[in-house]
Amino acid sequence: MSRALRLLKIFRTIGRYRLDELADTSRLRPPVRWALRLSPWRLNRAPELPRAVRLRRALEELGPVFIKFGQMLSTRRDLLPEDIADELARLQDQVPPFPEQQAIAIIEAALGQSVNELYASFEASPMASASVAQVHAARLHSGEEVVVKVVRPDIEPVIRQDLALMFSLAKLVQRYVPDGRRLRPVEVVRDYELIILDELDLNREAANASQLRRNFEDGKLVYVPQVYWDYTRRNVFTMERISGIPVTDMATLRARNVDLKLLAERGVEIFFTQVLRDSFFHADMHPGNIFVDASDPADPTYIAVDCAIIGALSESDQYYLARNLLAIFRRDYHEVAQLHVECGWVPADTRVQDFESAMRAVCEPVFERPISEISFGQLLIYLFQTARRFDMEVQPSLVLLQKTLLNIEGLGRQLYPDLNLWDTAQPFLEEWVADRYSPQSMLRRLQRHAPSWLEQLPQLPDVVMDNLQHARELEQRVSRQQLRARQQQEEARTDTRRHQRQLAAALVCGAAALSAFPGAWQQLSAAPPVSWLLAGIGLVLLWPREP
């Protein structure tokens, strides 16, 4: 019953904001179009608001799960109109906190001690409240200032129920909306399911934070708070409390004389370091998760929190991504097209010339603008949209990459509007590609793989013999299949000839009957010679023959 009531609320919200008007009803199937025309929603007058604002407000009204879904959906600019993507990006993940006593009970049940035993001090009133969890300030008995993140009570059943309803709605959209298949709503909901269920496991987020902290511990590019594992469980996460300036607080950053140009360039360097050096990148770098350590204004450092969403690329994807970006910088569209085919991002039978022409049509108008006005992230979106016309399946890792790049570029241009992302990124990419094929890098890769190769070396003769045997068996199987296919084709041709003979015989016999005089059945001798001739031909055609 609760699911039915929840579904009813969703439909009431859709009707209140007249979200049915977002669909082009003239292109819907007739039954759906008439159902919408006769629905009680039409009795409601549409709010005098733009369609994107109505969608955003409806998601806010439906609660935390739908708010989070709207945030994730805003990153799929390859699927959404620009106005809707921009409006959904404004969704704020601020929801009322749950009761303090519930938070304390969850912490005590997870960690097995009372809050007073666990912490020297604990602030029951939360510092912040989000869709999945809320955060409390505390101090350990050893003196460290920490924050304690607590997952909302009973949130997982609610999320799973809403996800089930989202899947049902997505299937309806995919089936009945003309652009449903292109929008791939079921896939979008499936991606969201993975993201939000991962966010429920704070152990995973803590592990991500530990790895990211280790990747940058020798430099000053970014600082990640320390994880306190003794105070961390699946639904409770304790980490170091940081002190920094929100990256969006431009007034304070300017008042502290922070080198904003350096800060913006370091943001780009952080992105490419995570993607190309580590293949482990923070994929939720929106302004609420980024702070600035301005203790040395001339040498500022980023502080990153909330590592629940992490992206990773394979070695081949790293390589092809770097080569693609360099080719775009150089406006070498043939190489861009060739690389897309080589790495399997588009089907192998794609005509490189056609793809090259499509890439040129997308990129040339962009490159004609001043370099400071070119959006690198937006260009990547245009490329993905163009590649989709050639049946490119955008992988989730590339979608997270696109989202992260948009966030980084937005932050960089906010900090320093004249940021030249191209000049900042190109030397980094060229150095990475050159280093990848340097003798030192090749030697490092050989050393890394050598133990595995040596371990497998004694098995090499057996592997070779097995592969040869497998190849022979495969060849024999293919030969048998080809022989069977030829036999089936011959049988099909024989059946076709037999049916043709039977049809011809029937026609001939019919012609013979029609050519007979009335009463010919009683007096066969009265039939004309032509009837006997046609009947004889029919019998010959009907006579069974060897195939």
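**Exercise 1. Place helix α13 against the sheet, then describe the sheet.**

Solution.
Step 1. Helix α13 lies across β5, β9 and β10. Its direction makes an angle of about 50° with β10. The model is a predicted one.

Step 2. Set out the strand order. The open sheet has 4 strands, arranged β5-β10-β9-β7, and its pairing is mixed.

Step 3. Find the edges. β5 (222-223) and β7 each have a single partner strand, so one side of each is left without a neighbour in the sheet.

Step 4. Take the pairing of β9 with β10. Strand β9 (residues 290-293) is joined to β10 (residues 301-304) by 4 bridges, and the two run antiparallel. F291 stands opposite I303. V292 has Y302 of β10 as its bridge partner.

Step 5. Turn to β7. Strand β7 (residues 245-246) runs antiparallel to β9, with 2 bridges between them. Here I245 is bridged to V292 of β9.

**Exercise 2. Trace the surroundings of F291.**

Solution.
Step 1. Locate the residue. F291 belongs to strand β9.

Step 2. List its contacts, leaving out residues up to four places away in sequence. F291 touches I242, G244, I245, P246 and V247, and also T301, Y302, I303 and V305.

Step 3. Match contacts to strands. Among these contacts, I245 and P246 fall within the range of β7, residues 245-246. T301, Y302 and I303 fall within that of β10, residues 301-304.

Step 4. Compare sequence and space. A304 is 13 residues from F291 in sequence, while their C-alpha atoms are 6.6 Å apart.

**Exercise 3. Classify the crossing of α13 and α14, and name the residues that make it.**

Solution.
Step 1. Get the geometry. Helix α13 covers residues 260-278 and helix α14 covers residues 315-329. Their axes come within 9 Å and cross at roughly 135°.

Step 2. Apply the cut-off. Angles over 145 degrees count as roughly antiparallel, and 65 to 115 as roughly perpendicular. The two helices are therefore oblique to each other.

Step 3. Name the residues. α13 contributes F272, V275, L276 and R277, and α14 contributes Q318, L321, A322 and L325.

Step 4. Sort them by class. The contact has 6 nonpolar, 1 polar and 1 charged residues.

Step 5. Add another residue of α14. N324 lies in this helix. Is N324 buried or exposed? Its relative accessibility is 4%, so N324 counts as buried. Beyond its neighbours within four places in sequence, N324 is in contact with V336, L339, H340 and W345.

**Exercise 4. Examine the annotated binding site, and contrast A130 with A133.**

Solution.
Step 1. Read the record. An unreviewed UniProt entry places the feature "binding site" at M127, A128, S129, A130, S131, V132, A133, Q134, V135 and K149.

Step 2. Check the spread. These positions span 23 residues of sequence but cluster in space, with a largest C-alpha distance of 14.4 Å.

Step 3. Take A130. It sits in the loop between β2 (128-129) and β3 (133-140). With a relative accessible area of 26%, A130 is partly exposed.

Step 4. Take A133. This residue is in strand β3. The cut-off for buried is under 20%. At 7% relative accessibility, A133 is therefore buried.

Step 5. Link A133 to the annotation. Neighbours within four places in sequence aside, A133 is in contact with K149, V150, V151 and R152. One of these contacts, K149, also appears in the UniProt feature.

Key:
Residues are numbered from 1 along each chain as its sequence is written. This is a predicted model: local features need pLDDT of at least 70, side-chain atom pairs count only at pLDDT 80 or more; totals for chains, interfaces and linings use all residues. Side-chain values use heavy atoms; hydrogens and water are left out. Axes are lines fitted to C-alpha atoms, for helices over the stretch in contact, and angles run from 0 to 180 degrees between N-to-C directions. Angles under 35 degrees count as roughly parallel, over 145 as roughly antiparallel, 65 to 115 as roughly perpendicular and the rest as oblique. Contact means heavy atoms within 4.5 Å. Ala, Val, Leu, Ile, Met, Phe, Trp, Tyr, Cys and Pro count as nonpolar, Asp, Glu, Lys and Arg as charged, and the others, Gly among them, as polar. Two strands pair if DSSP finds at least two bridges between them. UniProt positions are given in the numbering used here, feature names are shortened, and annotations may be inferred rather than shown by experiment. Buried means under 20% relative accessible area, exposed over 50%, partly exposed in between (1.4 Å probe, protein chains only).
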